[in-house]
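Thanks for making the time this morning. I would like to walk you through one structure, starting with its sheet and then turning to a few side chains, so please have the display in front of you.

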Amino acid sequence: MSPVRRCSRTACGRPAVATLTYVYADSTAVLGPLATYAEPHCYDLCAEHSERLTAPRGWEVVRLADSSGPARHSSDDLEALANAVREAARPQERAAGAGGSGARSADPMEVARRGHLRVLRSPDN
């Protein structure tokens, strides 16, 4: 199996560069950069077919800006992600740092806590 995704149009074997998705509720065809994964209700199109795309009468075509190259994560993005994971891994330290009292006094709606999940009191009570 080829790692390169091909155009979904019949008899076209060119490499895909864009993904077409239909939003039937809004009568809109959305053409954007090639999706990360092939989705069953999306169509991959080559450059020629994506440029020539037209929609049925009454439909709108939305063309999302195509990035000039593959998305690259900077070291700042990776560091921010690592910091967010570290912060999520220590919820007890955050609760203890809020004056030494439990999470219940910090949030009157919170009834119980189990790991990262919280049980909240109904606003009616």
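Let me begin with the hairpin, where strand β1, residues 18-23, and strand β2, residues 28-33, run antiparallel and are joined by 6 bridges. Please keep in mind from the start that this is a predicted model, and that the values I quote are computed from it. Between β1 and β2 there are 4 residues, and in that turn S27 has a positive phi of about 50°. If you want one residue pair to hold on to in this hairpin, take Y22, whose bridge partner in β2 is A29.

Now, A29 takes us onward, since this residue also has a bridge partner in β4, namely V61. Strand β4 covers residues 60-63 and pairs with β2 in the parallel sense, over 4 bridges; another of the partnerships here is that of T28 with E60 of β4.

Putting these pairings together, we arrive at an open sheet of 4 strands in the order β3-β1-β2-β4, with mixed pairing. The edges are taken by β3, residues 42-45, and by β4, each of which pairs on one side only. If we ignore direction, neighbouring strands of this sheet are turned by 25° against each other on average.

It may help to set that sheet within the chain as a whole, which has 4 helices and 6 strands, and which, read along the sequence, follows the pattern β-β-β-α-β-α-α-α-β-β. The protein chain has 125 residues, of which 14% count as buried, and its accessible surface comes to about 10,000 Å², with 54% of that belonging to carbon and sulfur atoms. As for contacts between residues at least 6 apart in sequence, 44% join residues that are at least 24 apart.

Let me turn to the aromatic side chains, where a search of the whole structure finds 4 pairs. One of these is formed by Y22 and Y43, which meet edge-to-face, at 6.1 Å centre to centre and with 70° between the planes. This pair links distant parts of the chain, with Y22 in strand β1 and Y43 in strand β3, 21 residues apart. Are these two tyrosines buried or exposed? Neither word fits, because the relative accessible area is 28% for Y22 and 38% for Y43, and partly exposed is the term for values between 20% and 50%. Taking in the other rings, we find that ring pairs link Y22, Y24, Y43 and W59 into a cluster.

My last stop is S50, which is found in helix α1, residues 47-51. Why do I call this serine buried? Its relative accessible area is 10%, and the word applies under 20%, so S50 falls on the buried side of that cut-off. Within the helix, the side chain of S50 reaches the backbone oxygen of A47 at 2.9 Å. Leaving aside its neighbours within four places in sequence, S50 is in contact with V17, A18, L31, L45 and R63.

If you look back at the display, then, I would suggest following A29 from Y22 in the hairpin across to V61 in β4, and after that finding S50 in helix α1, together with its contacts, among them A18 and L31. That is where I will stop, and I am happy to go back to any part of it.

Notes: Residues numbered from 1 in each chain as written. Predicted model: local features only at pLDDT ≥ 70, side-chain atom pairs only at ≥ 80, totals over all residues. Heavy atoms only, no water. Pairing = 2+ DSSP bridges. Helix = DSSP H or I, 4+ residues; strand = E, 2+ residues; numbered from the N terminus. Axes fitted to C-alpha atoms, helices over the stretch in contact; angles between N-to-C directions. Buried < 20%, exposed > 50% of the residue type's maximum accessible area, 1.4 Å probe, protein only. Polar contact = N/O pair within 3.5 Å; in protein donor to acceptor, adjacent residues only side chain to side chain. Contact = heavy atoms within 4.5 Å. Areas by Shrake-Rupley, 256 points an atom, 1.4 Å probe, with all protein chains shown as cover. Phe/Tyr/Trp six-rings, centres within 6.5 Å; stacked < 30°, edge-to-face > 60°.
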